[in-house]
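Could you walk me through this structure, one selection at a time? I have it open in my viewer.

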Amino acid sequence: MRRGTVIIGGPVGLHARPAAEFVRTAERYRSKVRLAKDGVWVNGKSILAILTLAAEQGSQVTLEVDGPDEDQAFDELKQRLEVNDSRT
Amino acid sequence: MIHVRERLLRGLPVSSGIAVGRAFVYRAYLPRVPEKVLSSDEVEAEVRRFEEAVSSVESELRRLHGQVLRHMGRDFAEFIDVQLALLRDEEVLSRTVAYIRKRLRNAEFAYGAVLQEFVQHGGLVEAPFFVERRLDLGDVSRRVLSQLLGEELPSLHSMGGGSIVVAHDLPPSEAALLDPSKVVGVVLEAGGKTSHTAIMAKAKEVPAVVGVEGLMRRICGGETLLVDGYRGLVVVNPTPDRLSTYKVEVLEQQRRRRSLRALSCEEPITLDGKRVDLSANIEFAFEARVAKDNGARGIGLFRTEYMYLARRRPPTEDEQYETIAEVARMMQPFPVIVRTFDLGGDKIVPGYFESNPFLGWRAIRMCLDNEDFFRTQLRAIVRASALGSVKIMFPMVATLEELRRAKLLVWRVCRELRAKKVTHVQDVEIGVMIETPSAALLADRFAQECSFLSIGSNDLTQYTLAVDRGNKRVATLFDHFHPAVLQLVDRTIQAAHRQGVWVGMCGEFASDPMGILLLLGLGIDEISVTPSLIPEAKNTIRAIHAGLAATVARQALDMGTALEVHRLLRREVHRRFPQLEAALVRPGVKGDSVGR
């Protein structure tokens with residue numbers, strides 16, 4: 001299992017569009033993906049759950065990836081949150 | 001034959017034009033979901049039925065994505081990516097399957113229950129990032145439910161040609177696929193100028209009126225409707241008289257358009273030989289072509305808000321660059337003036353609310369507080385300036401500090417780009433919109449620190465007279481020919497000329513023939529109007545003697561009330577500007593008995 005804290009980058013935080021991109025990336029991996037903010041954990045493959053985090057730009061979240069492809073998944077997802085710009 | 005009584009409904013005009021057609025009422029209801037108890041041997045088949053429904057909606061959405069991409073471009077297709085993510089939400093899917101298995105309920109019931117639980121108890125209602133996506137979730141769940149129920153979704157595809165869509169609001173997927181060959185007009189109960197549907201209607205040039213109170217109670221479908229997208233008027237069961245008045249107006253409009261098109265090669269020069277630059281206000285990149293075809297010699301105001309609003313998120317630097325570059329290439333060698341985001345804070349920060357947004361955190365103020373966001377836009381504009389004559393204009397500036405801070409950012413952006421050798425970066429000309437009384441009063445100082453001024457008459461009038469024209473009770477007090485406004489306009493023009501910079505006007509003031517008369521009299525250098533009004537404005541300029549106009553304008557400045565200014569203009573036009581009087585007969589001016 002890989003776990004680490006990430007500061008949300010990008011212009012406006014983890015709103016619908018970057019959340020959709022995040023989920024799309026997460027879905028490509030078999031590992032379980034979870035995100036937490038202020039102690040609340042949510043499924044990282046659920047856009048609705050991610051939106052409830054209301055993670056604004058500069059806020060700190062914890063990313064956890066657990067599964068057979070966790071290393072690659074963790075790195076890619078972490079980078080996505082840090083850049084958090086909409087286009088791939 | 002008994003004629004049904006005519007009724008008038010009022011709303012906000014968001015897309016201009018006049019349309020007559022049959023009302024098609026669109027109700028985006030959620031289908032009624034029956035609850036069925038399953039036996040345990042039915043469960044797996046039910047799970048499969050659910051999964052199949054989801055995957056067939058997925059292919060519908062992919063098809064839709066392709067269509068919107070082809071017809072409207074990338075900006076507009078993007079919301080479907082979000083809808084796809086909402087559809088495949090792992091949490092929703094797995095909870096629904098679990099619900100079917102554990103509670104032995106049918107798929108539609110389980111899905112509905114899971115969504116409701118999520119929205120109401122999962123903290124989504126309060127989630128600021130969710131508010132703007134409510135319509136999308138509704139759109140997606142409606143598709144899944146009707147797929148499961150085997151019901152035909154209410155769809156705009158099923159309606160005949162010549163229809164006027166009447167709805168509370170349209171789901172984003174329907175709005176994106178509005179087919180102008182079938183839908184001749186749109187009337188909505190909800191919404192303002194920046195709603196998704198309003199933007200789509202405007203982009204497709206379908207006349208639209210939104211914010212019509214009580215609309216859905218008053219229209220049941222099948223009525224004849226007349227939509228007046230100039231005045232924000234919907235006429236239900238128009239009388240034969242009304243129809244023929246409008247028919248005359250539409251025909252007259254078409255006839256004039258044709259005859260004015262002949263003017264497109266002529267120069268915008270007054271009778272006494274004074275040249276005025278005539279340019280266009282645009283919002284969408286494709287409008288640049290219309291502007292050029294109509295004879296515009298530049299874009300006097302390129303509004304950038306739609307780049308944000310169509311996507312419902314901040315556009316990236318490259319996206320903005322591509323759009324501005326497209327306009328710059330199209331208009332070459334003429335200038336393109338890009339106005340930086342004139343957005344309210346509520347558009348940037350989800351859930352943000354202000355009780356007095358016009359005096360609040362918006363436009364340049366909001367941009368200066370979001371430096372990264374602002375720099376992204378400035379970089380895009382500076383990069384695009386390598387392709388043609390692209391200039392930057394800042395909206396709603398009230399203080400010199402704002403201009404200085406914004407200029408500093410531009411300067412830093414230029415320096416960075418030069419250091420990176422991204423592209424050949426020149427010094428971009430910077431201008432200020434004069435739309436607050438403060439900026440008009442300090443016009444000399446502003447003119448010393450920038451390359452041009454552009455008067456935004458709508459806001460200048462609103463701030464000078466302290467009138468919100470959206471407020472019905474005070475809207476009649478809004479008059480851009482009020483002497484107080486005229487004095488600020490005059491002051492601004494004089495100041496610009498004293499400091500050796502040019503000054504233009506973009507705003508409704510400049511699309512009114514009487515306004516053009518006053519502006520020429522006050523010595524304006526540039527006039528910028530909607531692309532479709534370019535020939536009209538040129539015709540007006542060519543019918544005016546600038547020297548005589550100056551005499552009239554001086555008199556107008558001495559008046560005490562707006563009414564006196566209007567009287568003066570009517571009298572003087574009749575006396576001294578016979579050619580202009582002939583040009584004044586035009587739709588929108590004539591048929592005023594119905595509106596305003």
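Here is a short tour, beginning with a sheet and ending at a contact between chains.

A word on the ground rules: this is a predicted model, in which local features need pLDDT of at least 70 and side-chain atom pairs count only at pLDDT 80 or more, while totals for chains, interfaces and linings use all residues. Residues are numbered from 1 along each chain as its sequence is written, with chains lettered from A and ligands numbered from 1 in the order in which they are written.

**Stop one: the sheet of chain A.** Colour the four strands (DSSP E runs of at least two residues, numbered from the N terminus) and you will find an open antiparallel sheet in the order 1-4-2-3. Here strands count as paired if DSSP finds at least two bridges between them. Strand 1 (2-7) and strand 3 (40-43) of chain A each have a single partner strand, so one side of each edge strand lacks a neighbour in the sheet. From one strand to the next, the twist averages 25 degrees.

**Stop two: a strand pair.** Select residues 32-37 and 60-66 of chain A: these are strand 2 and strand 4, joined in the antiparallel sense over five bridges. Zoom in on Ala36(A), which faces Thr62(A) of strand 4 of chain A.

**Stop three: the helix on the sheet.** Now add helix 3 of chain A (70-83), which packs on the sheet and touches strands 1, 2 and 4 of chain A. Helices are DSSP H or I runs of at least four residues, and touching means C-beta atoms, placed from the backbone, within 7 Å. The direction of helix 3 of chain A makes about 160 degrees with that of strand 4 of chain A, using lines fitted to C-alpha atoms (for helices over the stretch in contact) and angles from 0 to 180 degrees between N-to-C directions.

**Last stop: where the chains meet.** Show both chains: the contact takes 20 residues from chain A and 27 residues from chain B. On the chain B side, helix 3 of chain B gives the most, with four residues.

Key. Two residues are in contact if their C-beta atoms, placed from the backbone, lie within 7 Å.
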